[in-house]
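Hi everyone, thanks for coming. I'd like to walk you through one structure today, so please have a look at the screen while I bring it up.

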Amino acid sequence: MRRRIVTLTVLAAVVATVLFGLPLAVAALWYFRENTGSELERAADGTALEVSDALAAGRVPRQPVQGSATVGIYDPQGSLVSGTGPDTADAVVSQVSGADVDVASGPVDGEDVLAVPVMDGARLAGVVRAAMPHTVLLRRVGLTWLGMTGFGVAAVAASWLIARRIAARLSSPLEELSSAATRLGDGDFTARSPRAGIAEIDRVGAALDVTAERIGETLDRERAFSAEASHQLRTPLAGLRLQLEAALETPGLDPYAAIRAGIDSADRLERTIDDLLALSRERRTPRAELDLDAVLAELREAGAPLLDGCGLRVEVQDPPTVRASAAAVRQVLAVLLENATTHGRGPVTVVARDAGGALAIDVADDGPDLGDTDPFALARTAPPGHGIGLRLARSLAEAEGGRLRLSSPHPPTFTLLLPASDDPAEPAAPVRPAEALRPADPSPAVAE
C-alpha cells in the first residue's frame, strides 16, 4: 500500500509539473526572443543618436559602447567606419541603405541583426547595425529552462517525501489493524486496535474491537456453560449408577424393576441434556403456567436414589401460580438437590410456598453452618464443590425473572423465588424480597 500511494502521488506530481512546465517553457522562449529584438532596437537607436552629429559633419564617430549586443557604424556606401561588424554591409544593412526603410532586421550568419538609418535631413548620413549571437539567446533560454527543470525536480522530490509521510500515516494504522485482526483470528480475543486519529480507520478499529469483545464474551459464556452443564449432568448419572449398583448387590430381586428404573433415569438424563441445550441456545420455551406438581414429582423421583437412607420430603403450602420455563426450574432444583446431597447431612426438605407475590421453593438440609461464606463464589473462596452449579442455578433463575438466594446459613437453606402471576396473559408480578425470604410455616402439609 505504501509503494502504491507513493507511486501515484509522484506520478501525479510529474504530470502536473509537465503540464504546467511545457507552456511556461514556450512562453519563456517567446519572451526572450521578443526581449532580444527590443534590446537590439534600444542599442541601435541609442548609438544612432550619439553618432548622428559626427556622421552629418563627415567625421569618423567614436567607438560605440558594446554590451550584450555588438554595434557597428557604416557609411552610406556600406563600409564599416567604427564598431564591430562585417567590413562591408550585409543584407540587413543594405536593406536600410538602399531604400527608404526606418528599420530592418533578420538573422545573418548565426546572429540576430537590426539596422537603423542615421539621417541628415533628407540625406542618408550612415547606418547603425546592432547584432546579437544566437548563442546568447540560447544561453538565456537554456538557463531559464534549467531553472524550471530544477524547480520541477524539487517539486517532485517534495511530493515524494510528502507521499512517504502520508503513506506511513495511512498504512501504519492499517498494519496495526491487520495485526489485531490476525491475533483475533489466532484466538486472542483481548486484541484491540489502537486509535489512529483517522475517522474512517478508527471506525473500522472500533467495529473490530466490538467484534472481538463479543466473540470473547460468547466463548467465555460457552466455556462456562460447558463446565456448568457437565457439573449439572452428574446428578442424573449418579442416580443411574446407584440404581444399577443396587441391582447388582441384590441379585435376587426382579431385574425388570431395576431396568425400568434405569430407563426412567436415562429419560431424565436425556431431558436434562435437552434442557441444557435449549437453555444454552436461549431458545426458551414460552413462559406458560408452570406445572409445579409435575416438577416436584420429577424431583422426588430423581432424588430418591441419591437420598436413599436420608430421606426427601416435598411439602406444598398453597403456592401461587407462576409463569416460568419448566426446564429452567427443573435444572435449578436439580442443582440445589445435588448440592444438598453432596455437602449436607440428614433429610432434605423441599418446601413450595407463597411468599407474598412470589413462589418460593426452599431446599434445606442439616449440613454445616455456612456462616458468612458466599456459596455462589468461585471455588477458591468457597467450600469445595460450591460455586459452579450454584452459579448456574442463579443465572437460570435470573433469566426467568426470579432470584436464588441463601435464605438461611444454618441449617443451609436455599430459596428459589419466581414472580407470581394472577393472570397468565399478564407479565409476572415483581418479587418482594423481604416477604419472599420469610421462613416457612413450621407445620406444613407434606405432599405424598
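Let me start with a small puzzle: which backbone oxygen lies 3.0 Å from a polar atom of the side chain of threonine 413? Take a moment to look for it. It is the backbone oxygen of proline 411. Threonine 413 itself sits in strand S10, which covers residues 412–419, and with a relative accessible area of 11% threonine 413 is buried. Please keep in mind throughout that this is a predicted model.

Now let's move to the strands earlier in the chain. Strand S3 takes in residues 104–108, and its side chains alternate. Ala104, Gly106 and Val108 point to one face and are buried, whereas Ser105 and Pro107 point to the other face and are not. S3 runs antiparallel to strand S4, residues 111–120, and five bridges join the two. If you want one pair to find on the screen, proline 107 has aspartate 112 in S4 as its bridge partner. The hairpin of S3 and S4 has two residues between the strands, and there aspartate 109 takes a positive phi near 50°.

Carry on along the chain and you meet a second hairpin, made by S4 and S5. Here too there are two residues between the strands, and glycine 121 in the turn has a positive phi of about 70°. S4 and S5 are antiparallel and joined by 10 bridges. One of the pairs is aspartate 120 with arginine 123 in S5. Those two residues also form a salt bridge, with the closest N and O atoms 2.9 Å apart. Both ends are partly exposed: arginine 123 has a relative accessible area of 42%, and aspartate 120 comes in at 31%.

How much of strand S5 is buried? Nine of its 11 residues are, so S5, residues 123–133, is largely enclosed by the rest of the structure. S5 has another antiparallel partner in strand S1, residues 70–74, with five bridges between them. In that pairing, isoleucine 73 stands opposite valine 128.

There is a second salt bridge here that I like. Arginine 129 and glutamate 111 come together with their closest N and O atoms 3.4 Å apart. Arginine 129 is in S5 and glutamate 111 is in S4, so the pair ties together parts that are 18 residues apart in sequence. Arginine 129 is buried, at 3% relative accessible area, while glutamate 111 is partly exposed at 21%.

In the whole structure, the search finds eight salt bridges. Another of them joins the side chains of arginine 62 and glutamate 50, at 3.6 Å from N to O. Arginine 62 is in the loop between H1 and S1, and glutamate 50 is in helix H1, 12 residues apart. Arginine 62 counts as exposed, at 56% relative accessibility.

Last stop, some hydrophobic side chains. Leu11, Val15 and Leu19 make a nonpolar surface patch of about 300 Å². Leucine 11 belongs to helix H1, residues 2–57, and it is exposed, with a relative accessible area of 51%.

And how many aromatic pairs are there? The count comes to one. It is tyrosine 31 with phenylalanine 32, edge-to-face, 5.3 Å centre to centre with 70° between the planes. Tyrosine 31 is partly exposed at 47%, whereas phenylalanine 32 counts as buried at 14%.

Thanks for listening, and I'm happy to go back to any part of it.

Definitions and conventions: Residues are numbered from 1 along each chain as its sequence is written. This is a predicted model: local features need pLDDT of at least 70, side-chain atom pairs count only at pLDDT 80 or more; totals for chains, interfaces and linings use all residues. Side-chain values use heavy atoms; hydrogens and water are left out. Buried means under 20% relative accessible area, exposed over 50%, partly exposed in between (1.4 Å probe, protein chains only). Helices (H or I, at least four residues) and strands (E, at least two) are DSSP runs, numbered from the N terminus. Two strands pair if DSSP finds at least two bridges between them. Patches are made of residues with over 30% relative accessible area and no salt bridge: like charges are joined within 9 Å, nonpolar side chains (Val, Leu, Ile, Met, Phe, Trp, Tyr) within 5 Å. Accessible areas come from the Shrake-Rupley method with a 1.4 Å probe; for residues, only the protein chains shown count as cover. A salt bridge is a side-chain nitrogen of Lys or Arg within 4 Å of a carboxyl oxygen of Asp or Glu. Rings of Phe, Tyr and Trp (its six-membered ring) pair if their centres lie within 6.5 Å; planes under 30 degrees apart count as stacked, over 60 as edge-to-face and the rest as tilted. A polar contact is a pair of N or O atoms within 3.5 Å; within protein, one must be able to donate a hydrogen and the other to accept it, and residues adjacent in sequence count only if both atoms are side-chain atoms.
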